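Got a few minutes to walk through a model together? Here it is, and then some questions and answers on it.

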Amino acid sequence: MPNQTLRKPAISISPEEYKALAQKYTPKPTFTKNILRAFFVGGLICALGQVIINIFSGIGLTPKEASNAGTAAMIFLGSLLTGLGVYDEIGKFGGAGSIIPVTGFANSIVSPAMEFKREGYVQGVGAKLFTVAGPVLVYGIAASIIIGVLAYFLH
Amino acid sequence: MFHLIFPAFIVGGLICVIGQLMMDLTKPSFTPAHVLVSFVTGGAVLGALGVYEPLVKFAGAGATIPLSGFGYSLAKGSIEAVEKRGLIGALSGGVEATAVGIAAAVFFGYLMSVTFNPKG
């Protein structure tokens, strides 16, 4: 239909007016809110980790042992809360505050493994445990080896 | 009992804010997995440069619980093992120093994945 004329727009509005209107209806930036939430949730998780480490120190572990045991305990808590479906709720609120601590690392292990259980215990659970943990271990361990080699030749 | 809890809260919180900025200021294709990989690698580099150690002394869990602390431990273990045993230490030191965390993550992760089912 080449001769069809375009219908006139129902509302006439200048580009400036449109801009102002669009800005009014754009959701308020969640930037600051995200940062505050990440700070509080991340801070609280780390403070809890410190409480657990202090308890391990209190029962006679060396600082190194206590720190290791504290990390293991936090990983246990992170996995358990993911299994119970609680950690996802913490994650929705805390953003990076729940992702960066080891509890978030544990969450990234349990979450896909649980999801893919129907694909079996080897190709499902066994493989999907490493969806995120795999890359983290690959880059972390590779970095540590390169650093060790550099330390060897620089000293 | 209250040793280091406040510094752990502040430093741990600030480290997580860096992660939040990385997520909010990058494209959506930069996933949480990319953030975690960056933190481990970054922590290893800062650990090797000796920058992360003072943070661990000052803030305890505030520096060791975030994943950058895992990178720091990997780097520290590797360097210390190289000093003791030579070049072979570069292969053994990192994993040795972080063995508890890696084994705990694999074992507890497996246990919980098998025990629980996803909600909904």
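## Questions on a predicted complex

Q: In chain B, what share of the contacts with a separation of 6 or more comes from residues 24 or more positions apart?
A: This is a predicted model, and the contacts of chain B can be sorted by how far apart the partners sit in sequence. Take the contacts with a separation of 6 or more; the part that joins residues 24 or more positions apart is 62%.

Q: What is the helix and strand pattern of chain B along the sequence?
A: Chain B has seven helices and zero strands. Its C-alpha trace spans about 50 × 40 × 35 Å along the principal axes. Read from start to end, the pattern is α-α-α-α-α-α-α.

Q: How confident is the predictor in chain B, as a mean pLDDT?
A: For the complex, the predictor gives an ipTM of 0.96 and a pTM of 0.88. In chain B, 98% of the residues reach 70 or more. The mean pLDDT of chain B is 96.

Q: Which helix of chain A has the lowest confidence?
A: Chain A has a mean pLDDT of 92, with 94% of its residues at 70 or more. Confidence in chain A is highest in helix 5 (residues 96-99), at 98. At the other end, with a mean of 80, is helix 1 (residues 15-25) of chain A.

Q: Which helix of chain B gives the most to the side that touches chain A?
A: The contact takes 65 residues from chain A and 68 residues from chain B. On the chain B side, helices 1, 2, 4, 5, 6 and 7 each supply at least two residues. The one that gives the most, with 14 residues, is helix 1 of chain B.

Q: How many charged residues are on the side of chain B that touches chain A?
A: Sort that side by residue type and you get 45 nonpolar and 21 polar. What remains is charged, and the count there is two.

Q: How many residues of helix 5 of chain B are buried?
A: Across chain B, buried residues make up 53% of the 120 residues. Helix 5 of chain B has 19 residues and reaches 27 Å from its first C-alpha to its last, close to the 27 Å expected. This helix is mostly covered, and the buried count out of its 19 residues is 15.

Q: Which residue with a positive phi follows helix 5 of chain B?
A: Just past the end of helix 5 of chain B, phi turns up positive, near 85°. The residue there is B:G86.

Q: Is B:L4 buried or exposed?
A: B:L4 sits in the segment before helix 1 of chain B. Its phi is near 70°, a positive value in a residue other than glycine. The cut-off for buried is 20 or more other C-beta atoms within 10 Å, and B:L4 has 20, so it counts as buried.

Q: Which chain B residue is in contact with B:I65, leaving aside its neighbours within four places in sequence?
A: B:I65 lies in the loop between helix 4 and helix 5 of chain B, and it is buried, with 35 other C-beta atoms within 10 Å. With those neighbours left aside, its contacts include A:I45, A:C46, A:G49, A:M74, A:P101 and A:V102. From chain B, the list has B:G12.

Q: How are helix 6 and helix 8 of chain A oriented to each other?
A: Helix 6 (residues 102-115) and helix 8 (residues 130-154) of chain A pack with their axes 7 Å apart, at an angle of about 135°. That angle makes helix 6 of chain A, relative to helix 8 of chain A, oblique.

Q: How many nonpolar residues are in the contact of helix 6 with helix 8 of chain A?
A: Helix 6 of chain A brings A:F105, A:S108, A:I109 and A:P112 to meet A:T131, A:V132, A:A133 and A:V136 in helix 8 of chain A. By type, two of the residues in this contact are polar and none is charged. The nonpolar count is six.

Q: Which chain B residue is in contact with A:S108?
A: A:S108 is found in helix 6 of chain A and counts as buried, with 26 C-beta neighbours inside 10 Å. Leaving aside its neighbours within four places in sequence, A:S108 is in contact with A:V132 and A:A133, and from chain B with B:L36.

Q: Is A:K33 buried or exposed?
A: A:K33 lies in helix 2 (residues 31-58) of chain A. Its C-alpha is 10.0 Å from that of A:F93, 60 residues away in sequence. With 11 other C-beta atoms within 10 Å, A:K33 is exposed.

Terms used. Residues numbered from 1 in each chain as written. Chains lettered and ligands numbered in written order. Predicted model: local features only at pLDDT ≥ 70, side-chain atom pairs only at ≥ 80, totals over all residues. Contact = placed C-beta atoms within 7 Å. Helix = DSSP H or I, 4+ residues; strand = E, 2+ residues; numbered from the N terminus. Nonpolar A, V, L, I, M, F, W, Y, C, P; charged D, E, K, R; others polar. Buried ≥ 20, exposed ≤ 12 C-beta atoms within 10 Å, placed from the backbone. Expected span 1.5 Å × (residues − 1). Axes fitted to C-alpha atoms, helices over the stretch in contact; angles between N-to-C directions. Parallel < 35°, antiparallel > 145°, perpendicular 65-115°, else oblique. pLDDT = per-residue confidence, 0-100.
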